[in-house]
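Open the model in your viewer and keep the selection tool ready. The tour goes from the whole chain to single residues.

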Amino acid sequence: MKRATVILLFLLIASVFSACAPKSVDSTVIAMNTICTQTVYADYEVIAGAEQILFETESEFSKYIESSEIYEINENAGHFVAVSKETYDVLKRSVQLAEITGGAFDPTVGKIVDAWDFTNEPDVPAEDEILKLIQGVGYDKIEFDEDSLSVKIAQNQTIDLGAVIKGYAGDELLNYYLEQDVPGGLLNLGGNMSAFGDKQGEPFVVGIRDPLGEASEYFCTAELTDVSLVTSGAYERFFEQDGIVYHHIIDPKTGYPASSDILSVSILSEDGMLADALSTAVFVLGSEQGLKLVETQGAQALLVLDDNTVVATDGFWERTNLQIVGDKYVKAS
Ligand code: AMP
Ligand code: MG
């Protein structure tokens with residue numbers, strides 16, 4: 001074959017392959033009170049289906065949307081309310097996760113969260129109000145009736161699924177993309193990241209936010225392959241009053257923002273809802289108890305501690321090829 005023909009053939013084959021290589025499409029929507037971005041190797045029509053799942057998840061589980069089933073349960077506290085199988089299962093799982101965490105994650109913190117009002121006009125509630133509202137906290141008071149798919153909370157309770165619903169939504173999206181035979185994608189639901197498949201043969205690489213830096217700053221990079229990475233930190237929602245910073249992760253035992261040795265916690269697991277519950281719970285529990293809990297659940301953790309050290313389980317380092325960037329934080333010895 002002549003040299004020119006070979007080159008032409010090569011160019012032809014290369015152009016056929018590049019035409020076949022799927023392109024990624026980006027999507028950004030606001031759902032569940034947060035920015036949800038996706039980079040997915042699929043046509044936009046497929047991604048639009050995923051956006052719809054995000055909106056539906058919010059409509060079903062937000063305690064602020066009057067047509068949601070969670071709103072209805074909260075409005076009818078003290079009475080059984082019939083719900084969809086999906087809501088029933090999510091609530092049942094939330095209670096199981098609360099049990100696993102010894103109540104450090106507790107979906108019945110709703111009234112306390114409302115009293116602090118982190119999303120609208122935050123204010124430190126009066127001490128006696130917190131003491132009163134804390135009486136309603138207790139996941140073990142939620143009653144389930146499987147035959148009628150009904151749920152009842154105690155009269156002084158309000159459900160808040162803010163600590164797990166993004167993790168659940170991530171799992172739903174992964175299932176959806178799997179069904180659609182999509183080869184790869186990276187989802188970021190307000191800091192909850194999930195990666196599936198690969199980025200044209202390469203793993204997805206993400207930066208984990210610097211808990212003491214600006215929103216765009218990260219302190220490490222991690223490779224993600226078919227796994228979710230969920231981070232909780234005090235920087236997500238907070239306000240300052242009389243020189244004190246109050247953040248949105250509540251210790252269900254005190255009713256006040258949790259105070260531990262942790263600045264941020266990232267949990268790695270194939271189970272996004274578990275990772276989300278654990279991220280909140282470990283933040284409340286602190287590093288010692290938190291790491292023990294994570295180990296019992298077969299998950300991996302990365303903690304940034306308040307002495308600027310980074311602690312991660314062995315599996316976290318290995319599985320993500322974790323690299324600390326800069327010299328602000330050091331690996332704990
Ligand atoms: P996350 O960002 O996943 O840690 O979840 C925090 C959100 O969950 C808050 O904005 C509250 O709505 C709610 N929340 C705060 N503290 C707790 C807690 N200890 N258990 C359950 N939900 C909580
Ligand atoms: Mg969480």
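Helices, of at least four residues, and strands, of at least two, are DSSP runs numbered from the N terminus. On that count, the chain has 10 helices and 17 strands. The radius of gyration is 22 Å, close to the 20 Å that the globule rule gives for 333 residues, so the chain is as compact as a globular protein of that length.

**Stop 1: the whole chain**

Remember that this is a predicted model. Colour it by pLDDT. The chain averages 93, and 93% of its residues reach 70 or more. Now turn the C-alpha trace along its principal axes: it spans about 90 × 50 × 35 Å. Show the surface next. About 16,200 Å² is exposed, and carbon and sulfur atoms supply 51% of that area. Inside, buried residues account for 49% of the 333. Take the contacts between residues at least 6 apart in sequence: 61% of them join residues at least 24 apart.

**Stop 2: residues 8-19**

Select residues 8-19. Here pLDDT stays under 50, and the model has 1 contact beyond four places in sequence for this stretch. Where pLDDT is low, predicted coordinates should not be read in detail. Move on.

**Stop 3: the magnesium ion**

Select ligand 2. Which atoms coordinate this magnesium ion? They are Ala163 (O), Asp276 (O), Asp276 (OD) and Thr280 (OG1), at 2.1 to 2.5 Å. Along the chain, the donors follow the spacing A-x112-D-x3-T. Alanine 163 sits in the loop between strand S5 (150-152) and helix H7 (165-179), while aspartate 276 belongs to helix H8 (residues 272-285), so the pair ties together parts that are 113 residues apart in sequence.

Check the burial of both residues; the cut-off is under 20% relative accessible area. Alanine 163 has 18% relative accessibility, so it counts as buried. Aspartate 276 has 4% and therefore counts as buried too.

**Stop 4: glutamine 38**

Go to strand S2 (residues 34-40) and pick glutamine 38. Is this residue buried or exposed? Glutamine 38 is buried, because its relative accessible area is 2%. Show its side chain together with that of tyrosine 177: the two side chains make a polar contact at 2.4 Å.

Finally, display what surrounds glutamine 38. Beyond four places in sequence, the residues it touches include Val25, Asp26 and Ser27. Also among them are Ile47, Ala50, Glu51 and Leu54. Add Leu173, Tyr177, Leu186 and Leu187 to complete the selection.

Technical notes
Residues numbered from 1 in each chain as written. Chains lettered and ligands numbered in written order. Predicted model: local features only at pLDDT ≥ 70, side-chain atom pairs only at ≥ 80, totals over all residues. Heavy atoms only, no water. pLDDT = per-residue confidence, 0-100. Contact = heavy atoms within 4.5 Å. Donors = N, O, S within 2.8 Å, 3.2 Å for Na, K, Ca; no water. Buried < 20%, exposed > 50% of the residue type's maximum accessible area, 1.4 Å probe, protein only. Rg over C-alpha atoms; globule rule 2.2 N^0.38 Å. Areas by Shrake-Rupley, 256 points an atom, 1.4 Å probe, with all protein chains shown as cover. Polar contact = N/O pair within 3.5 Å; in protein donor to acceptor, adjacent residues only side chain to side chain.
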